[in-house]
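Subject: Model handover and notes

Dear colleague,

I am passing on the structure below, followed by notes on what was found in it. Please read the notes with the structure open beside them.

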Number of protein chains: 2
Amino acid sequence: MTAGYDPYAFEPFAVTADLAVFTVRGGALHVLLIRRGQEPYAGAWALPGGFVLPRESAETAARRELAEETGLPDRLVAELHLEQLRTYSEPDRDPRMRVVSVAFTALVPDLPEPAAEGGGDAAHARWTALDEVSELAFDHAVILADAHERIGAKLEYTCLATGFCPPEFTLGELQSVYETVWDTTLDRPNFRRKVLATPGFVEAVPGAARLTGGRGKPAALYRPGPATTLHPPLLRPEGSSR
Amino acid sequence: MTAGYDPYAFEPFAVTADLAVFTVRGGALHVLLIRRGQEPYAGAWALPGGFVLPRESAETAARRELAEETGLPDRLVAELHLEQLRTYSEPDRDPRMRVVSVAFTALVPDLPEPAAEGGGDAAHARWTALDEVSELAFDHAVILADAHERIGAKLEYTCLATGFCPPEFTLGELQSVYETVWDTTLDRPNFRRKVLATPGFVEAVPGAARLTGGRGKPAALYRPGPATTLHPPLLRPEGSSR
DNA sequence: CCAAAAGTGTTGTGTGTACACCCATGT
DNA sequence: ACATGGGTGTACACACAACACTTTTGG
């Protein structure tokens with residue numbers, strides 16, 4: 001570091017934490033967006049996020065902003081696995097001042113009450129299908145694209161996919177998570193074997209079963225297991241898009 | 001973002017860019033460290049890096065600091081592939097003030113003149129074998145550990161390994177890069193086939209050959225190819241550590 | 001002639017894929 | 001009965017690991 005740097009010598013930097021929170025609803029990947037109330041970009045959609053406070057880490061700030069701006073349940077926000085995506089630091093990202101943004105991604109299950117109409121900013125939060133996202137404020141479209149690519153890659157070699165599922169889920173539900181994120185189809189028998197062959201990926205819930213599509217054989221239920229990485233990885237088919 | 005935020009209302013944040021630059025020398029992985037001249041941690045070793053200036057992106061700052069603090073050739077620094085590792089934002093990382101650090105990693109070939117004795121800070125830069133690194137300033141030991149893990153993983157599915165090699169290299173040299181970073185041994189015939197079977201990973205230099213260990217058959221030379229990712233990946237052996 | 005390093009060939013084991021088939025449930 | 005989704009079995013192709021073998025150089 002350079003000698004004699006004076007923290008007040010330059011225009012100060014602000015640091016924000018922004019989040020790309022994904023869920024799977026009805027076979028389509030959705031992202032959580034909020035409608036901006038103030039300038040700049042008033043009325044535009046943006047990723048949830050906000051300024052990191054003086055005594056916070058970026059991750060702590062991300063959790064706080066997520067709870068404040070969206071109606072997500074406290075417990076979910078507290079236990080959520082946040083993955084740091086990358087930091088965006090181009091000088092003119094924000095027209096007001098110099099803002100460096102640390103971006104995070106998270107996966108949540110499809111919630112019965114989408115982004116519940118809580119108090120404050122929460123009313124402006126909404127799940128939006130990825131292909132219905134149009135203009136976003138700032139460089140959030142770039143962040144969102146990076147996040148989408150990252151989670152697609154992460155599904156290949158981590159157990160994150162269970163994060164999209166409710167606490168107990170069927171293998172069919174888990175498979176549809178992969179198919180939705182990757183926009184492809186997978187062979188059911190082979191998917192099943194691969195998942196079950198990976199120790200600690202999922203654990204059977206003894207004796208439990210649930211009907212899924214109304215018809216058909218009731219499916220066995222599974223819980224997320226202790227494993228976090230996938231050996232061997234679950235590779236997505238190469239050229240195939242559905 | 002919260003309403004009515006005043007950029008000057010809080011103690012300002014500073015943003016730094018720090019680098020973990022690796023090379024392979026004599027069968028051991030080395031990292032570029034600089035000796036700190038000022039407090040805090042005066043006299044301690046640290047990763048090269050420094051403050052991001054008001055009109056710079058973090059990556060631009062990383063390149064500038066690398067050129068300033070080390071004797072690395074300008075051309076190398078300009079063309080170097082910088083990979084953003086992650087951002088470290090815990091409130092008390094730096095005892096002086098609130099500093100958020102964007103960390104980068106880079107791989108460079110073994111240089112004839114290690115960290116050349118240029119002017120200014122460059123004299124304090126040195127390559128250090130990873131297992132001889134003791135205490136580092138700030139949380140740089142954590143950053144270094146994260147960076148080491150990251151490059152190990154990156155070698156599996158990207159073509160970055162050629163970044164450790166001179167412009168023209170033998171397959172034996174490339175293999176020793178993998179063996180050094182992973183601290184393992186690989187089967188030469190199989191390594192060879194895998195590398196050559198991946199389109200665009202390396203290109204043969206027609207007719208060229210070079211002696212390596214003094215004895216033995218001269219090895220054919222290769223250049224880095226246009227590919228950036230490895231399909232299929234080059235997986236490191238599981239439990240094996242040499 | 002031997003040691004050392006590059007390069008080629010071969011073979012068995014395992015993994016992934018494709019697809020046929022059976023099971024249980026609602027209409 | 002039949003459609004729908006869950007679950008099992010199997011055969012083929014291919015990839016990879018292991019290791020034997022040839023080639024070319026220096027001492």
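Is A:Tyr178 buried or exposed? A:Tyr178 counts as buried because its relative accessibility is 0%, where buried means under 20% relative accessible area, exposed over 50% and partly exposed in between, with a 1.4 Å probe and protein chains only.

Before the rest, some conventions: this is a predicted model, in which local features need pLDDT of at least 70 and side-chain atom pairs count only at pLDDT 80 or more, while totals for chains, interfaces and linings use all residues. Residues are numbered from 1 along each chain as its sequence is written, chains are lettered from A and ligands numbered from 1 in the order in which they are written, and side-chain values use heavy atoms, with hydrogens and water left out.

Chain A contains 5 helices and 9 strands, taken as DSSP runs (H or I, at least four residues, for helices; E, at least two, for strands) and numbered from the N terminus. Of the 242 residues in chain A, 49% are buried.

To return to A:Tyr178, its ring forms an edge-to-face pair with that of A:Trp182, with 5.1 Å from centre to centre and 70° between the planes; rings of Phe, Tyr and Trp (its six-membered ring) pair if their centres lie within 6.5 Å, and planes under 30 degrees apart count as stacked, over 60 as edge-to-face and the rest as tilted. The two residues are separated by about one helical turn because they are 4 residues apart in helix H4 (residues 171–182) of chain A. A:Trp182 also counts as buried, at 8% relative accessibility, and A:Phe191 joins A:Tyr178 and A:Trp182 in one aromatic cluster.

Turning to the DNA, 23 residues surround strand C, and those that come nearest are A:Asn190, B:Arg188, B:Pro189, B:Arg192 and B:Ala220; a residue is near the strand if one of its heavy atoms lies within 4 Å of it. Among the polar contacts (pairs of N or O atoms within 3.5 Å; within protein, one must be able to donate a hydrogen and the other to accept it, and residues adjacent in sequence count only if both atoms are side-chain atoms), an N or O atom in the side chain of A:Asn190 is 2.9 Å from a base nitrogen of DNA strand C, whereas the side chain of B:Arg192 places an N or O atom 3.1 Å from a sugar or linking oxygen of DNA strand C.

Best regards
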